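Please open the structure in a viewer and keep the sequence panel visible. The tour below proceeds from selection to selection.

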Amino acid sequence: MIYPYGLYYDPLILAVIGVFILGLIAQGGVSRTFAKYSKQPAASGMTAQEVAQRLLDQGGSSVTIRPVNGSLTDHFDPRNQTVGLSNSVYGSRSIAALAVAAHEIGHVMQYEEGYFPIRLRNAILPVASFGSGAAPWIVLLGILFGMGDLAMAGVWLFGAVLAFQLITLPVELNASRRALVMLQDGGFLAYDETPAARKVLRAAAMTYVVAVLSALVSFLRLFLLARRSSRD
């Protein structure tokens, strides 16, 4: 991420470039893997929506499922208790679609069981959302006006963004593990179809790894700038 303080020498520029490239690779990996296994129908013959509904019923959940526009825009919204399945997933009978749908149900189960990491992530979310946009500008103002404490405050505010991404990674990995178990135990995937579903979920997980690296690099850049301002 390039901020308005680009006039300063950036010792982490290579890390920024590296993370950007990794992000492209991860996104490409998700698209290719999903496209590959979207062509392979699951032996159960059920659509992703049907599987998701069955899993919700088995878990005694009242969450509803709805189609949403876009590709891989699947999500669970705890505010209105709905799971949104994208156009490429909702009515698909593919292994990839079932894996994605079950992953979102995994998030539902996390919420309903009070899974601690997701509760912690929710608690950090408001600060992280504010810090993502405001922290770089606070650091910049601190630098421009020679206020080292203000600049450092911006750094620690951005720390909430890093913390959010760090907590998100195990949350997503746990949802994927739950998805595979539910699909296997429910008989929605045959034994030899599970590795394909695992590859889809693993490819998606890499995007969260990159998100952590990106937040870490951004945090370090802000920290170095703020420290330099304090010394000056």
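The stops that follow begin with the whole chain and then turn to single elements and side chains.

**The whole chain**

This is a predicted model. Begin with the entire chain in cartoon view, where seven helices and three strands can be found. Followed along the sequence, these elements come in the pattern α-α-β-β-β-α-α-α-α-α. The C-alpha atoms fill a box of roughly 65 × 35 × 25 Å along the principal axes. Of the 232 residues, 49% count as buried. Among contacts between residues at least 6 apart in sequence, 73% join residues at least 24 apart.

**The sheet**

Select the three strands next. In what order do they lie in the sheet? The order is β1-β3-β2, in an open sheet with mixed pairing. β1 and β2 (75-77) stand at the edges with a single partner strand each, so one side of each has no neighbour in the sheet. From one strand to the next, the twist averages 30°.

Now restrict the selection to β1 (64-68) and β3 (82-86). These two strands run parallel and are joined by five bridges. Show Thr64 as sticks, and Thr82 in β3 will be found opposite.

Two helices may then be added to the view. Helix α2 lies across β1 and β3, and its direction is at about 160° to that of β1. Helix α4 also packs on the sheet, where it touches β2 and β3; the direction of α4 makes about 30° with that of β2.

**Helix α2**

Select residues 48-58, which form helix α2. Which residues of this helix are buried? They are Ala48, Gln49, Val51, Ala52, Leu55 and Leu56. These residues cover an arc of only 165° around the axis, which places them on the same side of α2. The spacing has a general background: an α-helix has 3.6 residues a turn, so residues three or four places apart point the same way.

To see what the buried residues of α2 pack against, display β1, β3, α3 (87-90), α4 (95-113) and α6 (148-185). Beyond the end of the helix, select Gly60, which follows α2 and has a positive phi, near 70°.

**Ser38 and the loop before α2**

Move back along the sequence to Ser38, in the loop between α1 (13-37) and α2. With a relative accessibility of 28%, Ser38 counts as partly exposed. Leaving aside neighbours within four places in sequence, Ser38 is in contact with Ser94 and Ala96. Select Ser88 as well: Ser38 and Ser88 are 50 residues apart in sequence, and their C-alpha atoms are 8.5 Å apart in space.

**The aromatic pairs**

The structure holds two aromatic pairs. For one of them, show the side chains of Phe76 and Tyr111. How are these two rings arranged? Their centres are 5.2 Å apart and their planes stand at 70°, so the pair is edge-to-face. Phe76 belongs to strand β2 and Tyr111 to helix α4, so that the pair links parts of the chain 35 residues apart. Phe76 is buried, because its relative accessible area is 12%, whereas Tyr111, at 24%, counts as partly exposed.

For the other pair, select Trp156 and Phe219. The ring centres are 5.8 Å apart and the planes are at 55°, so this pair is tilted. Trp156 lies in helix α6 and Phe219 in helix α7 (residues 194-231); 63 residues separate them in the chain. Is each partner buried or exposed? Trp156 counts as exposed, at 53% relative accessibility, while Phe219 is buried, with a relative accessible area of 12%.

**His107 and Arg178**

Return to helix α4 and select His107. Its relative accessible area is 7%, and His107 is therefore buried. Apart from neighbours within four places in sequence, His107 is in contact with Phe76, Ile118, Val171, Glu172 and Ala175. Phe76 is also the strand β2 member of the pair with Tyr111.

As a final selection, show Arg178 together with Tyr115. Arg178 lies over the face of Tyr115, at 5.4 Å from the ring centre.

Note on methods. Residues are numbered from 1 along each chain as its sequence is written. This is a predicted model: local features need pLDDT of at least 70, side-chain atom pairs count only at pLDDT 80 or more; totals for chains, interfaces and linings use all residues. Side-chain values use heavy atoms; hydrogens and water are left out. Buried means under 20% relative accessible area, exposed over 50%, partly exposed in between (1.4 Å probe, protein chains only). Helices (H or I, at least four residues) and strands (E, at least two) are DSSP runs, numbered from the N terminus. The arc is that of the directions from the helix axis to the C-beta atoms. Contact means heavy atoms within 4.5 Å. Two strands pair if DSSP finds at least two bridges between them. Axes are lines fitted to C-alpha atoms, for helices over the stretch in contact, and angles run from 0 to 180 degrees between N-to-C directions. Rings of Phe, Tyr and Trp (its six-membered ring) pair if their centres lie within 6.5 Å; planes under 30 degrees apart count as stacked, over 60 as edge-to-face and the rest as tilted. A charge sits over a ring if NZ of Lys or CZ of Arg is within 6 Å of the ring centre and within 35 degrees of the ring normal.
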